[in-house]
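Work through the exercises below with the sequence and the coordinates at hand. Each task is followed by a solution in steps.

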Amino acid sequence: RQPCSDVLFRSDAKAEDALVVIGGWECRGGTPPACARWFSLTLDQDNAPWVFCKGEPFKVISALELLATLVSVMLFILPDSAGDGRFELSGSALTDNKGNSYVVQKMMTTASPFNACLMELSEQLEQISSWLDVQWVPRDQNVGADALTNGHFAGFDPEKRIEVSM
């Protein structure tokens with residue numbers, strides 16, 4: 001597999017006190033935020049109780065960052081875009097969590113609930129005959145995804161928002 005230079009999406013997660021938000025936007029082919037499909041999802045005790053399994057949500061921030069990547073894969077890499085099985089769709093994703101780039105590359109972790117997110121990511125990619133190179137980018141270069149987790153949607157088209165439900 002050759003590294004892919006096309007970044008398919010950017011994602012991020014936020015966990016401050018009881019406020020937990022994941023978000024991402026599709027930047028395939030250099031699509032700017034104003035023209036991109038995007039999502040922002042607030043998690044709580046009702047729709048994602050596992051987020052609070054270690055008490056404070058910030059203690060599972062790596063799993064939340066990977067969940068944002070997983071949701072992005074499910075929304076932005078469509079099954080029919082993976083071809084007819086004769087090739088693999090490949091692409092890159094950007095996150096500001098450096099550890100996630102290593103974990104996804106090796107597809108291995110024992111940390112819970114991180115491992116559950118990684119297993120589901122692996123399964124989703126397998127179902128669409130795809131692979132993903134998750135690359136780290138400094139936080140100041142991931143401002144679009146960061147804005148989505150902070151509720152700053154001004155740079156994004158509300159018509160292109162994808163409603164997500166856990």
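**Exercises on strands and aromatic pairs**

In β3, V20 has L43 as its bridge partner. The model is predicted, so local features need pLDDT of at least 70 and side-chain atom pairs pLDDT 80 or more, while totals for chains, interfaces and linings use all residues. Residues are numbered from 1 along each chain as its sequence is written, and side-chain values use heavy atoms, without hydrogens and water.

**Exercise 1.** State how strands β2 and β3 are joined, and how far β3 is buried.

Step 1. Strands are DSSP E runs of at least two residues and helices are H or I runs of at least four, numbered from the N terminus. Two strands pair if DSSP finds at least two bridges between them.

Step 2. β2 (residues 19-26) and β3 run antiparallel, with six bridges joining them.

Step 3. Buried means under 20% relative accessible area, exposed over 50%, and partly exposed in between (1.4 Å probe, protein chains only). Five of the six residues of β3 are buried, so the strand is largely enclosed by the rest of the structure.

**Exercise 2.** Find which elements have the lowest and the highest mean pLDDT.

Step 1. pLDDT is the predictor's confidence in each residue, from 0 to 100. The mean for the protein chain is 80, and 77% of its residues reach 70 or more.

Step 2. Among the elements, strand β4 (residues 89-95) has the lowest mean, 51, and strand β3 (residues 38-43) the highest, 96.

Step 3. Over residues 82-92 the pLDDT is below 50; this stretch has 31 contacts in the model beyond near neighbours in sequence (contact: heavy atoms within 4.5 Å). Where pLDDT is low, the predicted coordinates should not be read in detail.

**Exercise 3.** Describe the aromatic pairs W25–F156 and F39–F76.

Step 1. Rings of Phe, Tyr and Trp (its six-membered ring) pair if their centres lie within 6.5 Å; planes under 30 degrees apart are stacked, over 60 edge-to-face, the rest tilted. The count is five aromatic pairs.

Step 2. W25 and F156 are edge-to-face, at 6.0 Å centre to centre and 70 degrees between the planes. W25 lies in strand β2 and F156 in the segment after α4 (143-149), so the pair ties together parts 131 residues apart in sequence.

Step 3. F39 and F76 are tilted, at 6.2 Å centre to centre and 45 degrees between the planes. F39 belongs to strand β3 and F76 to helix α1 (residues 61-76), so this pair ties together parts 37 residues apart in sequence.
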